[in-house]
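Here are some exercises to work through with the model open beside you. Try each task before reading its solution.

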Amino acid sequence: MKRMKLFVWVFAALGCVSLQAQTVLTAKIPFDFQLGKKVMPAGEYRIEESSGKLLLRCRSENAAAFVLTMPTSRQKKPETGLVEFNRYGNTYFFKGIWSPYSSTGAAVIPTSRENELARRVGIAQPAAIALETGR
């Protein structure tokens, strides 16, 4: 039943028309990482964020992933956009994205695998990659 509700919610969210502008960014991510339940390869990514939805497409590999996000904020506005990861040893998990000169960002809810790894390994080491706008 939970799965069915999630399925309906995701399609309802996709079907909603949004008046917000879509943010398109690019990043060269030099390591494999997990986004949701999918492992994404290292490569150049096109990242589209709009109204709580995040789509990552790898330009060099045939890989894409879609996740829902939560809004997040910080006091200092980064001059460049950032994509953030949590690192446990050699395993990276997508954490969130920040647009350039914005104090608001989009965060991904940690998966059960990340939570389990955090319990076993301890505190995550932060990692960040600078983004470019457009392209």
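**Exercise 1. Find the residues with the most contacts inside the largest nonpolar core.**

Solution. Start with the term: a nonpolar core is a set of buried Ala, Val, Leu, Ile, Met, Phe, Trp, Tyr and Cys residues joined through side-chain atoms within 4.5 Å. Buried means under 20% relative accessible area, exposed over 50%, and partly exposed in between, with a 1.4 Å probe and protein chains only. In this predicted model, the largest such core has 25 residues, and F33, L35, F85 and F94 have the most contacts inside it. Next, see where the core residues come from: strands 1, 2, 4 (43-50), 5 (53-58), 6 (63-68), 8 (82-88), 9 and 11 (125-130) each supply at least two of them. Strands here are DSSP runs of E with at least two residues, helices are runs of H or I with at least four, and both are numbered from the N terminus. As background, nonpolar side chains tend to be buried together in soluble globular proteins.

Before going on, two notes on the numbers. Residues are numbered from 1 along each chain as its sequence is written, and side-chain values use heavy atoms, with hydrogens and water left out. Because the model is predicted, local features need pLDDT of at least 70 and side-chain atom pairs count only at pLDDT 80 or more, while totals for chains, interfaces and linings use all residues; pLDDT is the predictor's confidence in each residue, from 0 to 100.

**Exercise 2. List the contacts of L35 and Q34, leaving aside neighbours within four places in sequence.**

Solution. A contact means heavy atoms within 4.5 Å. First, L35 is in contact with M40, L56, A65, V67, F94 and V108. Then move to Q34, which lies in strand 2 and is buried, with a relative accessible area of 7%. The contacts of Q34 are V39, Y92, F93, F94, T111 and R113.

**Exercise 3. Examine the aromatic pair of F31 and Y92.**

Solution. Rings of Phe, Tyr and Trp (its six-membered ring) pair if their centres lie within 6.5 Å; planes under 30 degrees apart are stacked, over 60 edge-to-face, and the rest tilted. The whole structure holds eight aromatic pairs. F31 and Y92 are stacked, at 3.7 Å centre to centre with 15° between the planes. F31 is in the loop between strand 1 (23-29) and strand 2 (33-35), and Y92 is in strand 9 (residues 91-98), so this pair ties together parts 61 residues apart in sequence. Both F31 and Y92 are buried. For contrast in geometry, Y88 and F93 make an edge-to-face pair, 5.8 Å centre to centre and 75° between the planes; these two residues are buried as well. Finally, F31, F33, Y45, F85, Y92 and F94 form one aromatic cluster.

**Exercise 4. Place I129 and name what it touches.**

Solution. I129 belongs to strand 11 and is buried, with a relative accessible area of 15%. Not counting residues up to four places away in sequence, I129 touches A27, K28, P30, F31, G81, L82, V83 and F85. The C-alpha atoms of I129 and I29 are 6.9 Å apart, although 100 residues separate them along the chain.

**Exercise 5. Decide which element has the lowest mean pLDDT.**

Solution. The protein averages a pLDDT of 84, and 81% of the residues score at least 70. Helix 1 (residues 2-15) has the lowest mean among the elements, 49, while strand 2 has the highest, 96. Within residues 4-8 the pLDDT is below 50, and this stretch has zero contacts in the model beyond near neighbours in sequence.
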